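Work through the exercises below with the structure open. Each task is followed by a solution in steps.

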Amino acid sequence: MRKLLPAALACVLVASACGTSAGDGTTTLNVFAAASLTEAFGALEKQFEAQHEGVDVRLNLAGSSQLASQINEGAPADVFASANEKNMDKVMDAGGVEGRPQTFATNQLTIAVAPGNPKGVEGFADLAREDLTVVVCAAQVPCGAATEEVERATGVTLAPASEEQDVKAVLNKVRLGEADAGLVYVTDVTSAGDKVDSVDFPESERAINEYPIAALSSAGEPELARQFRDLVLGEVGRKELTRVGFGAP
Amino acid sequence: MTLRAEMKLSRGSFSLSVALDVPEGTVLAVLGPNGSGKSTLLGCLAGLLVPDDGVVTLGERTLTRSPRLQVQPHDRGVGLLAQDALLFPHLSVVDNVAFAPRSRGASRAESRAVARRWLSEVDAAGLADRRPAQLSGGQAQRVAIARALAGEPDLLLLDEPLAALDVDAAPAIRGLLRRVLRSPGNRRATVLVTHDPLDALALADHVVVLDGGRVVERGATGEVLSAPRTPFTARIAGLNLVAGTAEEQGLRLAGGGLISGIPSPDVVAGEPAVAVFAPGSVAVYPASELPEGSPRNTVAAVVGALEPHGPVVRLRTVDGDGWAEGLSADLTPAAVAELALEPGTPIRLAVKATAVTIQPAFGK
Amino acid sequence: MLWIPAGLALALVVLPVVGLLARTDYARLPELLTSGASLNALRLSLVTAVLSTVLCVLLGVPLAVVLARSRSRGVRVLRAVVLLPLVLPPVVGGLALLFLLGRNGFLGYLLDVTAGVRIPFTTTAVVIAQTFVAMPFLVVSLEGALRGAGDRYERVAATLGARPWTVFRRVTVPLLLPALGSGAVLSFARALGEFGATITFAGSLEGVTRTLPLEVYNQAEADVDSAVALALLLIVVAVVVIAVARPRALEGRP
């Protein structure tokens, strides 16, 4: 017992740490992608697997900054698709990127409101209205940074009820009816279906969010990583991304 | 206050059905083995249990008239002293005793004064500032007695008050209870629940014997204990009692004889007392034989009756020299046959002095 | 033989904290900790955790007494319900609170329409969320103590003429003090670390609803060093509270 326990523990640790190639001949490709890419990358995963026999694409979907930290801490990753350049830069500064990252999509802000827009929100300036409960992203996350940029560009200062940690949280507050309006990305409203309506505003052009993608230098499968990146950058990728609301670079 | 109670209560397979009267200033002992319903009876009197049916009155006040009226424990004027002292561990001794007067609305200073008076009443004035954790079992029970009395209850309930004390502490607390229960002029009714006939003997005017929730026997303490009318009482409480005056080595009889025995610590020489010994400790000899050996009390007697008592035969005497009247002795059936005992046979009884205790006499 | 699992258990608790200490940027520590946002979060956390601990005590003590003393059958179900916040993911707890007290929740709607009071996005919401998740800790530790002690002292107190309220105040509560102390410390610690229910129910706004754990999460997005520094602060506060209050509560027989 005295010797068995640490040995068993070590096995568990090793097994979870070294898993690029499974024993049965399939190859695993680890793709780290921003949470907002869930739907588009899910479709691309299937297409890629159909084209590459014996390849299992594993999507790790989370906030871009979390993903960047994980990659820099040595998590096994082949491809990184970030929701902003800042987090891609973090990985690049650490020497984790192979070649130069390329922009594959853009996203911009829109105002999410309850279905039918009962409060009659018409544009960004309306969000300063006192009768509205407005929720935005915290400045530390990309959507919050974009919000600040729009505020600066328009000279409209918001007094939000809450600065949420991510776009989904903002969207949820609108969906639950706790907030009258929330600043989110166009793609988020698309994926929410008919639970929310959106009010577009021209000033969102001032803060276009660019999504970069890169194969990683630590990739266990560098060739497959490049192929996946190219799929995203190519026509197939373009089509899927447009379908869920992303703009072209 | 006189207590009158008539109560019926069922809990599962157990049922209690009891009627009792306790005149003011007297003590009633409730004797019975475990599970006979003694604690349930006390719970009903204290108001902690509600009888299914029954009436309890204390003096002019009705405490229970099932099912409509049930006076709450705190309004009953009832004091409870349990086997464990149950002193509140977070209060000092004096504040424990002051608890009842304080609950009645007396000021802190007043109730402490009352508490100190009761503490000196139970010879525990020196313990006033201690914490309960610093007391011995006997000291704690002393303080608990003071605490129960400080509420000046009209009805005092004692639930096996000596059972948890070690043999050295019990006689002193029994003596203290005798003193406070017998203090002249008190108008309290007291109910003492016990399984020990000696407690009943030392403290109670009357006894009821409970078995399976029913009263199987009741009467004056001396009569019930020395001449039980039911085999059940005889088994749990049958004792030989001989009255006289306490002396240093034993009991001086009215006729001048002496029974050697061990005086209980609360007995006072020159005061009325009783010699107590169990039927099992009485040896029976043919009338002609004189037993020799370690000091014994011997007396001539005549067999009155022989009754089977489970595995033994209990012999009762009818006549003889001085104190031999109405004594009980337990023998095996083989011994009865060997000695050819039958009613009318003259015999000689012997009791070892160490089997005899001298207790303070019951009664006023 | 016990020392192997005991050592593993200790390692599991201590090593992550050691990792945190190792990664702390001590040179920037003072600057990170004294930033306006950090101080606001610390102040808010202390105020709300104290308030919710007080609420836990005021409401939890009577609840524990009822649960421990009542003999009715429904109480068994109630006891399970009270433990619910322990097993519920805090985010779900936050959602549940929203469904009750949110603008569309049945009680929240009533409050909004009748009194014009809105709970979400306020400091009140933070206190409610913390009380919700911390209350079971207090109730469980108290109920255990109450059951252990039984009601013998209360019965004696009643026969000494004390009314139920007096019994509760002068006997039940003082006897409970040690358990109350440790229960309150546990509740405070849980309230201090509360994250999921707060961010779901109360949102996150500096000075109003962004407590220390929320600020840690917020900072982790942008500046890991700052998040680590704040986490360290949270640990120090928790350790100080536990070290100062717990031994006294556990050993201090009144």
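**Exercise 1.** In which sense do strand β6 and β7 of chain A pair, parallel or antiparallel, and over how many bridges?

Solution. The model is a predicted one. Start with β6(A), which covers residues 134-137. Strand β6(A) pairs with β7(A) in the parallel sense, and the pairing runs over 3 bridges. To find the register, take Val135(A): the residue opposite is Ser162(A), in β7(A).

**Exercise 2.** Find the order of the strands in the open sheet of chain A, and name its edge strands.

Solution. Count the strands: the open sheet has 5, with mixed pairing. Reading across, the order is β7-β6-β8-β5-β9. Next, look for strands that pair on one side only; these are β7 (162-164) and β9 (197-199) of chain A, the edges. From one strand to the next, the twist averages 35 degrees.

**Exercise 3.** Place helices α5 and α6 of chain A against the strands.

Solution. Helix α5(A), residues 142-154, lies across β5 (109-113), β6, β7 and β8 (181-185) of chain A. Its direction is at about 115 degrees to β6(A). Helix α6(A), residues 167-175, packs on the sheet and touches β5, β6, β7 and β8 of chain A. The angle between α6(A) and β8(A) is about 145 degrees.

**Exercise 4.** Describe the side of chain B that touches chain C.

Solution. First count the residues: chain B gives 16 and chain C gives 15. Then assign elements: on the chain B side, β7 (78-81) and α3 (99-103) each give two or more residues. Last, sort the chain B residues by type, which yields 9 nonpolar, 5 polar and 2 charged.

Key
Residues numbered from 1 in each chain as written. Chains lettered and ligands numbered in written order. Predicted model: local features only at pLDDT ≥ 70, side-chain atom pairs only at ≥ 80, totals over all residues. Contact = placed C-beta atoms within 7 Å. Helix = DSSP H or I, 4+ residues; strand = E, 2+ residues; numbered from the N terminus. Nonpolar A, V, L, I, M, F, W, Y, C, P; charged D, E, K, R; others polar. Pairing = 2+ DSSP bridges. Axes fitted to C-alpha atoms, helices over the stretch in contact; angles between N-to-C directions.
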